[in-house]
Amino acid sequence: MAEDRKAALVRITGRVQGVCFRVWTRDEAAQLGLAGWVRNERDGSVTALIAGPEAAISTMLNRFWKGPPAARVSNVESEDASSVQAPLGFQITD
């Protein structure tokens, strides 16, 4: 990963499943030029790996707080994941 590229592992909680959060995340990430993946978790949260320029990651972290129209986000936690190899593009996973 280049020096200006970073990655973050993000956990989003609240009303984030059944509201198109994963599709919204994929679309927003693509718009920002981010790579990574997003998936639903059994506990009702959503986890995402976002990788790309630091400014784009910061923007995406801010967007997670709002989410798609039907979402009600209660918390967004992120941790550095720069050592993780992100896939090309952005994928919705199981």
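## Close-up views of a predicted model

**View 1. E28 and the residues it touches.** Setting aside neighbours within four places in sequence, E28 is in contact with M60 and R63. This is a predicted model, so keep that in mind for every view here. With R63, there's a polar contact to look for: the side chains of E28 and R63 make one at 2.8 Å. E28 itself belongs to helix α1, which covers residues 21-32. Is E28 buried or exposed? E28 is buried, because its relative accessible area is 17% and buried means under 20%.

**View 2. Helices α1 and α2 side by side.** Pull back a little from E28 and two helices come into the picture: α1, and α2, made of residues 54-64. Their axes come within 10 Å and cross at roughly 155 degrees. Since angles over 145 degrees count as roughly antiparallel, α1 and α2 are therefore roughly antiparallel to each other. The handedness of this crossing is right-handed.

**View 3. Who meets whom between α1 and α2.** Here's the cast for this contact. From α1 come F21, W24, T25, E28, A29, Q31 and L32, and on the α2 side they meet A56, T59, M60, R63 and F64. Sorted by class, the contact has seven nonpolar, three polar and two charged residues. You've already met E28 and R63, the pair whose side chains share the polar contact.

**View 4. L9 in strand β1.** Now over to a strand: L9 sits in β1, which runs over residues 5-15. Which residues does L9 touch, once neighbours within four places in sequence are left out? The contacts are W37, T47, A48, L49, E77, S78, E79 and A81. L9 counts as partly exposed because its relative accessible area is 30%, and partly exposed lies between the 20% and 50% cut-offs. For a sense of spacing, try G52: L9 and G52 are 43 residues apart in sequence, and their C-alpha atoms are 12 Å apart in space.

**View 5. T13, another stop on strand β1.** T13 is also found in β1. What is T13 in contact with, leaving aside neighbours within four places in sequence? Look for S45, along with R72, V73, S74 and N75. T13 counts as buried because its relative accessibility is 16%, and the cut-off for buried is under 20%. So on β1 you can find T13, which is buried, as well as L9, which is partly exposed.

How values were computed: Residues numbered from 1 in each chain as written. Predicted model: local features only at pLDDT ≥ 70, side-chain atom pairs only at ≥ 80, totals over all residues. Heavy atoms only, no water. Helix = DSSP H or I, 4+ residues; strand = E, 2+ residues; numbered from the N terminus. Buried < 20%, exposed > 50% of the residue type's maximum accessible area, 1.4 Å probe, protein only. Polar contact = N/O pair within 3.5 Å; in protein donor to acceptor, adjacent residues only side chain to side chain. Contact = heavy atoms within 4.5 Å. Axes fitted to C-alpha atoms, helices over the stretch in contact; angles between N-to-C directions. Parallel < 35°, antiparallel > 145°, perpendicular 65-115°, else oblique. Left-handed = near helix turned anticlockwise from the far one by under 90°. Nonpolar A, V, L, I, M, F, W, Y, C, P; charged D, E, K, R; others polar.
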